[in-house]
Amino acid sequence: MNETSIWKNKWFILANVCVGTFMATLDGSIANVALPTMSHALHVHLQEIQWVVTAYLLTICAWLPIVGKLADMFGRGRLYNFGFLVFAMGSALCALSGSYVWLILSRILQAFGASLLMANSQAIVSATFPGSERGRALGVTGAMVSVGSLTGPALGGILIDAFGWSSIFWINVPIGVLGFLVGTQTFRRQTKRQLETNYFDWAGSMLFMIAIISLLYTVSNADTWGWGSELTLLGFFISIVAWVLFVWRQLRASQPVVDLRLYKINAFRAGSIAALLSFVSLFCTNVLMPFYLEGVLHLDTRVTGYTMAAYPLTMALVAPFSGWLSDRIGPLFLTTGGLCVNALGFALLNTLGLYERAISVALLLAMFGLGQGMFQSPNNSSVMGAVPRERLGTAGGLNALVRNIGMILGITLSVSLLSWRLHQMTGKIVPVGAQISQPMDFLAALHTVFWSASAVCVLGALFSITRAGARNQKLSSAEAR
């Protein structure tokens, strides 16, 4: 095999995509560990330092569909590779930040680089691999998401302890530069344009940014402001107006930023809704289980970390096999079955009491790794395989956007539901971060969240079923224009 064929080998392309996926996922989980240290070093309160995470997530959500559209116009490989460079630059500026404001601005730049990577990774894999191998390839990238999530907290703790908080950002710089240099060779055939137009809907892009940022920012703060407060109602009003204007604009634009006609495709529509509901439910455990493990069972942070790792570790093992299997039997059984496994997992979490062993909790959390491992790779393959090839960038951006919105909504809604249930039982407003003085009340409120999450999974499974018989449905050439 000569040098040129090595660089263009599809598995070598997949390896480079996995590097970008791992780096973006690692940084999301590794930054959370450093928040207390950064708060002390930069002399800001917890409410302010949380913007290190919030600004990152909001920026990614605002840019994902826009980047996907730009990728279809100017080449996916070109924008993906540029993402390595922007992410590395943003990481270096984060590490050099001497003030809180500089750190937030650097995180926004880093998030823009992450959006370039996230929006294009699935499109590149889907365009590189034939349908008979697409599920397996997307399964490998799904496993890298889990490995990044699993590695982040442990690696972050080691780096911060040894070298300080800036080291969690410095680690991205050599990885990003190396990924960029390799990508200049790897993605040569992924740089061609898919859409023969230079027109870009800037007005539609601005409307989308206003709509998504106002919605997610309001939802994230509604529990603090109060769901019926003037600030919350104003935020939702601005978001609704922006969404209405955005949809109106997209339905009339010749080259819309978000091609809403993609949602005419049953497999794309069903898979997107199922994925949103899946991530909403799963992030109920991600944010609340540590409070149960440490506040109710009184486990130390090390044991809590090991226990929580059962989910991503199991998913990392299941996702590649699930993707391979979906190439042979189709996505329907695996996606629907995976969501049913998650629903059962949430139902079983309601058996947890005041005295449990860590291994028992870990086994239950491993069920979510099994369920999500069954669901995610086949669902991504089904969604990306249903759209026209020239719209893969747009579809990849929307698919990644659904994942990030689900994460934010899951965290916010689970905390709000828990707080509401505690207030209903105790008559007092109990901050979720406070020390748990009434573990029985906390456990009862937690069970309410878990039953709700189980119902969300069942609803997701019902949407997943509707993709039956739609595997080969795509937009016609006329509809795609």
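How many of the 29 residues of helix 6 are buried? In this predicted model, the number is 23, so helix 6 is largely enclosed by the rest of the structure. Helix 6 comprises residues 100-128 and extends 42 Å between its first and last C-alpha atoms, close to the 42 Å expected at 1.5 Å a residue. The helix nevertheless contains a kink of about 35 degrees, centred on N120. At the start of helix 6, the backbone nitrogen of W102 is approached to within 3.3 Å by a side-chain oxygen of S99.

Helix 16 can be described in similar terms. This element spans residues 358-385, a run of 28 residues, and covers 40 Å from its first C-alpha to its last, close to the 40 Å expected at 1.5 Å a residue. A bend of about 25 degrees occurs in helix 16 at Q372. Of its 28 residues, 24 are buried, and helix 16 is therefore largely enclosed by the rest of the structure. R357 is located in the loop between helix 15 (residues 332-349) and helix 16. With a relative accessibility of 62%, R357 is classed as exposed, because the threshold for that class is over 50%. In space, the C-alpha atoms of R357 and L297 are 8.3 Å apart, although 60 residues separate the two in sequence.

A buried position is provided by Y80, which belongs to helix 5 (residues 76-96). The relative accessible area of Y80 is 0%, and the residue therefore counts as buried, the limit being under 20%. The side chain of Y80 reaches the backbone oxygen of N16 at a distance of 3.5 Å. Y80 is also 9.0 Å from F180, C-alpha to C-alpha, with a sequence separation of 100 residues.

On the surface, a nonpolar patch is formed by I210, L234, F237, I238, V241 and L245. Together, these residues present about 530 Å² of accessible area. The most residues in the patch come from helix 11 (residues 230-252), which gives 5. One residue of the patch, L234, lies in helix 11. L234 has a relative accessibility of 46% and so counts as partly exposed, since this class lies between the buried limit of 20% and the exposed limit of 50%.

Notes:
Residues are numbered from 1 along each chain as its sequence is written. This is a predicted model: local features need pLDDT of at least 70, side-chain atom pairs count only at pLDDT 80 or more; totals for chains, interfaces and linings use all residues. Side-chain values use heavy atoms; hydrogens and water are left out. Helices (H or I, at least four residues) and strands (E, at least two) are DSSP runs, numbered from the N terminus. The expected span of a helix is 1.5 Å times one less than its number of residues. The bend at a residue is the angle between axes fitted to the seven residues ending there and the seven starting there. Buried means under 20% relative accessible area, exposed over 50%, partly exposed in between (1.4 Å probe, protein chains only). Patches are made of residues with over 30% relative accessible area and no salt bridge: like charges are joined within 9 Å, nonpolar side chains (Val, Leu, Ile, Met, Phe, Trp, Tyr) within 5 Å. Accessible areas come from the Shrake-Rupley method with a 1.4 Å probe; for residues, only the protein chains shown count as cover. A salt bridge is a side-chain nitrogen of Lys or Arg within 4 Å of a carboxyl oxygen of Asp or Glu. A polar contact is a pair of N or O atoms within 3.5 Å; within protein, one must be able to donate a hydrogen and the other to accept it, and residues adjacent in sequence count only if both atoms are side-chain atoms.
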